[in-house]
Amino acid sequence: MHGLVATALGGDAKGALVLVHEIFNYGVNLKQLMHDLVHYLRDIIVLRVAPDEKSLIDLTAQERETLLNLGSDHAIDVLQRMFRMVSSTVDRVAQSSFPRLELEMIMVRM
């Protein structure tokens, strides 16, 4: 998750495509990956809005710090836009004849 979000936030479309290729070749369930990505982005946004509310997110201290660092340099509206893009693509990836291509294109758009 971290790599996908980091490449998207960094504007590294090439790096995102390489990661998608590796993920696909490893045999990861892309539907589950998309669900996990939605939750990952949600957690980053929640930490940006309410970093001291530990009850809102079930993460270790290290995971919290990682997500805080990942999202800290980006405006909440950018993170929300990414969240909307990913959440609206979950079903398309799950139902597509070409789920890898759907994932690649969402990563390039982000």
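## Contacts around Met107

Contact here means heavy atoms within 4.5 Å. By that rule, Met107 touches Leu4, Thr7, Ala8, Ala16 and Val20, leaving out residues up to four places away in sequence. The model is a predicted one.

Met107 also belongs to a bigger group. It is one of the residues with the most contacts inside the largest nonpolar core. The next section turns to that core.

## The nonpolar core

The largest nonpolar core has 31 residues. Val5, Ile44, Met82, Val86, Leu103, Met107 and Met110 have the most contacts inside it. Six elements give two or more residues each to this core: α1 (2-9), α2 (13-26), α3 (30-49), α4 (61-71), α5 (76-95) and α6 (99-109). Helix α3 supplies the largest share, 11 residues.

A general tendency is worth recalling here. In soluble globular proteins, nonpolar side chains tend to be buried together.

## Helices α1 and α2

Two packed helices are described by the angle between their axes and the distance between the axes. Start with α1 and α2. Their axes come within 9 Å and cross at roughly 160°. An angle over 145 degrees counts as roughly antiparallel, so α1 is roughly antiparallel to α2. The crossing of α1 past α2 is left-handed.

Which residues in α1 and α2 meet? From α1 come Gly3, Leu4 and Thr7. From α2 come Gly15, Ala16, Leu19, Val20 and Ile23. Sorted by class, this contact has 5 nonpolar, 3 polar and no charged residues.

## Thr7 and the loop at Gly11

Thr7 is found in helix α1. Is threonine 7 buried or exposed? Its relative accessibility is 12%, so Thr7 counts as buried. The cut-off for buried is under 20%. Leaving out residues up to four places away in sequence, Thr7 touches Asp12, Gly15, Ala16, Leu19 and Met107. The contact with Met107 appears in the Met107 list too.

Glycine 11 lies in the loop between α1 and α2. Gly11 is exposed, with a relative accessible area of 61%. Exposed means over 50%. Gly11 and Val108 are 97 residues apart along the chain. Their C-alpha atoms are separated by 8.4 Å.

## Helices α1 and α5

Helix α1 also meets α5. The axes of α1 and α5 come within 12 Å and cross at roughly 120°. The two helices are therefore oblique to each other. Helix α1 passes α5 in a right-handed crossing.

Val5, Ala8 and Leu9 are the α1 residues in this contact. They meet Val78, Leu79 and Met82 in α5. By class, the contact has 6 nonpolar, no polar and no charged residues. Val5 and Met82 are also among the residues with the most contacts inside the largest nonpolar core.

## Helices α3 and α6

How do α3 and α6 run? Their axes come within 10 Å and cross at roughly 25°. Angles under 35 degrees count as roughly parallel, and α3 and α6 are therefore roughly parallel to each other.

Leu30, Leu33 and Met34 in α3 meet Pro99, Arg100 and Leu103 in α6. This contact has 5 nonpolar, no polar and 1 charged residues by class.

## Leu103 and Val93

Leu103 lies in helix α6. Its relative accessibility is 0%, so Leu103 counts as buried. Outside its neighbours within four places in sequence, Leu103 is in contact with Val20, Leu30, Leu33, Met34 and Val93. Leu103 and Arg42 are 61 residues apart along the chain, and their C-alpha atoms are separated by 18 Å.

Val93 sits in helix α5. It is buried, with a relative accessible area of 3%. Not counting residues up to four places away in sequence, Val93 touches Leu30, Lys31, Met34, Pro99, Glu102 and Leu103. How far apart in space are valine 93 and leucine 33? The two are 9.8 Å apart, C-alpha to C-alpha, and 60 residues apart in sequence.

How values were computed. Residues are numbered from 1 along each chain as its sequence is written. This is a predicted model: local features need pLDDT of at least 70, side-chain atom pairs count only at pLDDT 80 or more; totals for chains, interfaces and linings use all residues. Side-chain values use heavy atoms; hydrogens and water are left out. A nonpolar core is a set of buried Ala, Val, Leu, Ile, Met, Phe, Trp, Tyr and Cys residues joined through side-chain atoms within 4.5 Å. Buried means under 20% relative accessible area, exposed over 50%, partly exposed in between (1.4 Å probe, protein chains only). Helices (H or I, at least four residues) and strands (E, at least two) are DSSP runs, numbered from the N terminus. Axes are lines fitted to C-alpha atoms, for helices over the stretch in contact, and angles run from 0 to 180 degrees between N-to-C directions. Angles under 35 degrees count as roughly parallel, over 145 as roughly antiparallel, 65 to 115 as roughly perpendicular and the rest as oblique. A crossing is left-handed if the near helix is turned anticlockwise from the far one by less than a right angle, and right-handed if clockwise. Ala, Val, Leu, Ile, Met, Phe, Trp, Tyr, Cys and Pro count as nonpolar, Asp, Glu, Lys and Arg as charged, and the others, Gly among them, as polar.
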